[in-house]
Amino acid sequence: MRKLLLPGLTIAAAILIIVRLFILQVVDDSFKLKSENISIKIKYDYPERGYIYDRNGELLVANQPSYDIMIVPRETKSMDTIEFCNLLKITKEDFIKKIEKAVVYSPILPSVFLGQLNKDEYAAFQEKERKFSGFYIQKRSLRDYQINAGANVFGFITQANEAMVKQNPYYNSGDLLGKQGVEETYEIELRGVKGVKHILRDRFNKETGLYKDGKFDTIAIQGKDITLTIDSELQKYGEALMINKRGGIIAIEPSSGEILALVSAPSYNPASLVGRQRSRNYTKLYNDSLAKPLYDRSLLAEYPPGSPFKIMTALIGLQEKVIDTATAFSCNHGFYYGRKHMGCHSGSGIFKLNNGIAKSCNAYFGKTYLGTLNKFKRTSEGVDVFGNHLKSFGLGQFMGYDLPTGRKGNVPTSASYEKVYPGDGVRSTYIVSNSIGQGEILMTPIQLANMMATVANEGHYYTPHIIKKIKGQKIDKKFTTKHITTIEKKYFKPVINGLYDVFNFGTGAGLRVEGIEICGKTGTAENFARVGTRRVKLQDHSIFVAFAPRVNPKIAIAVFVENGGYGATIAGPITTLMIEKYLKKEISRKDREKRMFDINLRPVYNKYTKKHIDSMFKLKRRLDSIKNASKRKLDSINKLTKVIV
């Protein structure tokens, strides 16, 4: 039997090889196609990208024709380079660099020589194309933006580079693909499928027809249209309100998690990243290290949430039965804990949950936080219980929304405090500033908005998302899945009542809107920045969170204005204007609107450049030197006086 095993295996292997060769050479023509590719020219037919609409059916992004000049280096012949360069308005140096780049990519494969020609350039080149062997025109489509807003929402279109081509074989050098925003997230849906034609060529390199009568050809499939959850009018209005300011505005529909507005300021005109000037404009935006227009503050910026975080402190205190609606704490412009003092702008008196929220009493929430942590034998255990409640609201983690960028924020844990206070050394009094949204707590604007949507829903939320509909397919079911928090529903009502009274007799009393019951919370977050080696105290951030109407809420919103001062000064008015714009489609307080349009914080931001701060410190040192010199001089006079006496 063993003697037959080896010959048997040899015969079986030989049969398999013969069958495989038969398949390759007779049955499957695709390998023959590859072996003959030297005499076959592949032409791609690029489909239009899908259109993008807003929630009301308004067209936001369409397409416009574009033309790329492609090159196959091995097919180029001697030609008049001066005429070629003059025709395309490029220098001879540029011509040489582009030729060298194409050769490095591939001598036999096409790549983009010069991209995104306009109609006039295309017509001029097409007329003389026959004179330039190895060059041909590839028609594509570029984006055509219908509104000057939403750049951070849309993203932009860029050319596939070598790294992208290696990563995804669908793309060839010069192919267009989405980057950032919905263009990146929904790239597969929007791009469609490019068509392929295999063209036969004779020995003179002349096209003679379709290979195998087009057996291997495919037709282009147009990209799918998508509808966003964005309200384009609200988006434009929010961006207008944030001109000359930095920060973000996020508005969410609580009942669905649909994002109504996603504003990041400063922004830019999305049309600036279309056409031949795209690369130059992108570089200019990228190099703006102060304003950072490409940095999506609404999703990426992690800020101390300030007083809006007191909502969470109250809810967790109620759930852990540390407080109830009748629990009262005294406040005398703040309170002492150990030898330290936490200040408060609410004045002095007795505060319960309702007026504690309405007046934003630091003492009330500081004591609630201490009580929550001290309920447990070890502070570290209380820290984790508190943190788990926060995480059930989507805080301290990526939220799963359908945009390609974001940050988790920060919810401190016992493990993180163990690094600072080893041996379980953390104490509640060390971290009490967390209670009022300072300390180690960090949140992004979208997390703040989602927190308010959760409060509006009295304990549940849907993952925030920007997609409403994709033509021909359903959206991801994760966007219709309800997330339940660890806070019981009954505890939300008293907190909502307090948020409503913010507008009746609290910190937002001057921000009421006739005919709309708004529930909200002002916020003023202390702000420090490291400039060089210095930790500098900057002007406070202005924050406001709200939802409306009080019953059956339609919009939850968070507004964050960097260095904007008190919450009721800038962020508050912007919030109420956005709410009124969405619910009523018109503004009743034109004076408030004009004031917000006119506010310019650029002089404030200019103060915080490194050069300006260095000059401030230099001036301070000089004043200190003069002061010390004067003191020494005064001491000398005093000594001389004593001697004389």
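Which residues have the most contacts inside the largest nonpolar core?

1. **Main core.** This is a predicted model. Leu228 and Ile574 have the most contacts inside the largest nonpolar core, a set of 124 residues. Helix H18, spanning residues 445-456, supplies the largest share of this core, with eight residues.

2. **Leu228 up close.** Setting aside residues up to four places away in sequence, Leu228 touches several stretches of the chain. Its contacts include Ile52, Tyr53, Asp54, Arg55 and Leu60. Val153, Phe154 and Val182 are also touched by Leu228. So are Ile466, Ile467 and Lys468.

3. **Second core.** A separate core of 19 residues exists as well. Among its members are Ile71, Cys85, Tyr122 and Phe125.

4. **Helix H3.** This helix covers residues 81-88. Its buried residues are Glu83, Phe84, Cys85, Leu87 and Leu88. They pack against three strands and two helices: strands E3 (59-71), E4 (111-117) and E5 (135-145), and helices H4 (92-105) and H5 (119-128). In general, an α-helix has 3.6 residues a turn, so residues three or four places apart point the same way.

5. **Ends of H3.** At the start of the helix, a side-chain oxygen of Asp80 comes to within 3.2 Å of the backbone nitrogen of Ile82. After the helix comes Lys89, with a positive phi near 60°.

6. **His389.** Is this residue, in helix H16, buried or exposed? Its relative accessibility is 8%, so His389 counts as buried, the cut-off for that class being under 20%. Helix H16 runs over residues 379-391. The side chain of His389 makes a polar contact of 2.7 Å with the side chain of Glu320. A polar contact of 2.5 Å links the His389 side chain to that of Thr486. Beyond four places in sequence, His389 touches Ile316, Gln319, Glu320, Thr486 and Ile487. Both polar partners, Glu320 and Thr486, are thus in that contact list.

7. **Three-stranded sheet.** One open sheet has the strand order E1-E8-E9, with antiparallel pairing. Strands E1 (40-45) and E9 (207-210) are at the edges. Each has a single partner strand, so one side of each lacks a neighbour in the sheet. From one strand to the next, the twist averages 35°. Strand E8 (residues 195-201) pairs with E9 in the antiparallel sense over three bridges. Leu200 has Gly209 of E9 as its bridge partner.

8. **Hairpin E13-E14.** How many bridges join strand E13 to strand E14? There are eight, and the two strands run antiparallel. E13 spans residues 329-337 and E14 spans residues 340-351. Tyr336 stands opposite His341 in E14. The hairpin has two residues between its strands. Gly338, in the turn, has a positive phi of about 65°.

9. **Whole protein.** The secondary structure comes to 23 helices and 20 strands. Of the 645 residues, 50% are buried. Among contacts with a separation of 6 or more, 72% join residues 24 or more positions apart. The protein exposes about 32600 Å², and carbon and sulfur atoms supply 54% of that area.

Definitions and conventions
Residues numbered from 1 in each chain as written. Predicted model: local features only at pLDDT ≥ 70, side-chain atom pairs only at ≥ 80, totals over all residues. Heavy atoms only, no water. Core = buried A, V, L, I, M, F, W, Y, C linked by side-chain atoms within 4.5 Å. Buried < 20%, exposed > 50% of the residue type's maximum accessible area, 1.4 Å probe, protein only. Helix = DSSP H or I, 4+ residues; strand = E, 2+ residues; numbered from the N terminus. Contact = heavy atoms within 4.5 Å. Polar contact = N/O pair within 3.5 Å; in protein donor to acceptor, adjacent residues only side chain to side chain. Areas by Shrake-Rupley, 256 points an atom, 1.4 Å probe, with all protein chains shown as cover. Pairing = 2+ DSSP bridges. Axes fitted to C-alpha atoms, helices over the stretch in contact; angles between N-to-C directions.
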